[in-house]
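Good morning, and thank you for making time for this presentation. I would ask you to keep the sequence and the model in view while I speak.

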Amino acid sequence: MSATVGPLAASTAPATHDARTYWRVVLACCAPLPWLWVALTDALAPYPLGGSSADTVRGVAAAQEQTAWVAQAQPLFFLTFVPSVLACVVLLRRTWPRTAAALGTVGVLGALAGTANPPVDSVVLAGLRAGVPADVLATQVDELASSWAGWTLLLTLLLISVGRLALGVVLYRARLAPRVLAMALVAAPFVEWGLLAAGAGNAGPALAWALSGVGMASVSVGLLRMGDDDLDLPPVARP
């Protein structure tokens, strides 16, 4: 007796649930979220970003309820930063495979470094509520910044400077979404550096991260436009 093959065998095979649409939508939703979240927290920060540890302690002490609200919502950033980078890899891996691999490596390392470091404002808030003197807290913040935790943030700095700029250029050239979105991502680091040089305070980082969120929306658009088969088909030549 010969085995049944062909269309009949295919029709009698048990159905399997295809979750590729689910993963495309999840990654599309995650792409802009951490960038927009950091923009909001930078805008609400009650202390000068990049200022001294003493300024940080004074600012948190003066706005403890606001800092507590931000700390409670911090998991939104922790849980979406790495998926945001992976969304870029999934979108670009077929048409820009080497670029996706390089940016993805830098991006995942930078995102992991960013999520592995405890938020300084949360550390300060916990210390203040535990009755730790302000000068002791300032010293601890300085020690944290000079520890291995502070050094790993260099990877995050690489991601949000060179990596962010390079990703914006690639997205602009890839034409997978409206180019104006990619232009926002390209402009973000220059806006941040320019406003910092102009003494605009926290407005520079806040606006830059907001522009980054707008730029990452191009990744969301690209993922929602692509087909499920693009998730697992091999790379193709760019047109």
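Before I place any residue in an element, one term is required: a helix here is a DSSP run of H or I with at least four residues, and helices are numbered from the N terminus. In that sense, alanine 149 has its place in helix H10. Please bear in mind throughout that this is a predicted model.

Let me begin with the chain as a whole. The protein chain contains 12 helices and 0 strands, and its pattern along the sequence reads α-α-α-α-α-α-α-α-α-α-α-α. Along the principal axes, the C-alpha trace spans about 85 × 40 × 30 Å. Of the 239 residues in the chain, 39% are buried. Among contacts with a separation of 6 or more, 80% join residues that are 24 or more positions apart.

The surface and the charges come next. About 12,600 Å² of the protein chain is exposed, and 69% of that area is supplied by carbon and sulfur atoms. There are 13 positive and 13 negative side chains, with 16 Å between the centres of the two sets.

I turn now to the interior. Which residues touch the most other members of the largest nonpolar core? They are Leu92, Leu167, Leu171, Met216, Val219 and Leu223, in a core of 33 residues. Two or more residues of this core come from each of helix H2 (20–30), helix H3 (33–44), H6, H7, H10, helix H11 (179–197) and helix H12 (203–225). The largest share, 9 residues, is given by H6. A second, separate core has 11 residues, among them Ala45, Ala68, Leu125 and Ala138. As general background, nonpolar side chains in soluble globular proteins tend to be buried together.

Leucine 92 deserves a closer look. Setting aside neighbours within four places in sequence, leucine 92 is in contact with Pro97, Ala100, Leu167, Val170, Leu171, Ala174 and Leu176. Two of these partners, Leu167 and Leu171, were named a moment ago alongside Leu92 in the core.

Ala100 brings us to helix H7, where Ala100 is one of the buried residues. The others are Gly104, Gly107, Gly110, Ala111, Ala113 and Gly114. Their cover includes helix H6 (75–92) and helix H10 (148–174). How far apart are the end C-alpha atoms of H7? They are 28 Å apart, and this agrees with expectation, because the 20 residues of H7, numbered 97–116, should span 28 Å at 1.5 Å a residue.

Let us return to helix H10 and to alanine 149. Is alanine 149 buried or exposed? Its relative accessible area is 3%, so alanine 149 counts as buried, the limit for that class being under 20%. Beyond neighbours within four places in sequence, alanine 149 is in contact with Asn117 and Leu144. The C-alpha atoms of alanine 149 and glycine 194 are separated by 28 Å, and the two residues are 45 apart along the chain.

Arginine 175 lies in the loop between H10 and H11. Arginine 175 is not a glycine, although its phi is positive, at about 55°. With a relative accessible area of 57%, arginine 175 is exposed, since that class begins over 50%.

In helix H12 we find serine 220. Serine 220 is buried, because its relative accessible area is 10%. Not counting residues up to four places away in sequence, serine 220 touches Ala28, Ala31 and Pro32.

The segment after H12 holds aspartate 229. At a relative accessible area of 45%, aspartate 229 is partly exposed. Between the C-alpha atoms of aspartate 229 and arginine 98 the separation is 20 Å, with these positions 131 residues apart along the chain counted as their distance apart.

My last residue is glutamine 66, whose place is in helix H5, residues 64–72. Its relative accessibility is 34%, and glutamine 66 therefore counts as partly exposed. Which residues does glutamine 66 contact, leaving aside neighbours within four places in sequence? They are Leu44, Ala45 and Pro46. The C-alpha atoms of glutamine 66 and alanine 45 are separated by 8.6 Å, and the residues are 21 apart along the chain. Ala45 also belongs to the second core mentioned earlier.

That concludes the presentation. Thank you for your attention.

Notes:
Residues are numbered from 1 along each chain as its sequence is written. This is a predicted model: local features need pLDDT of at least 70, side-chain atom pairs count only at pLDDT 80 or more; totals for chains, interfaces and linings use all residues. Side-chain values use heavy atoms; hydrogens and water are left out. The expected span of a helix is 1.5 Å times one less than its number of residues. Buried means under 20% relative accessible area, exposed over 50%, partly exposed in between (1.4 Å probe, protein chains only). Contact means heavy atoms within 4.5 Å. Accessible areas come from the Shrake-Rupley method with a 1.4 Å probe; for residues, only the protein chains shown count as cover. Lys and Arg count as positive and Asp and Glu as negative; His and the chain ends are not counted. The place of a charge is taken as NZ of Lys, CZ of Arg, CG of Asp or CD of Glu. A nonpolar core is a set of buried Ala, Val, Leu, Ile, Met, Phe, Trp, Tyr and Cys residues joined through side-chain atoms within 4.5 Å.
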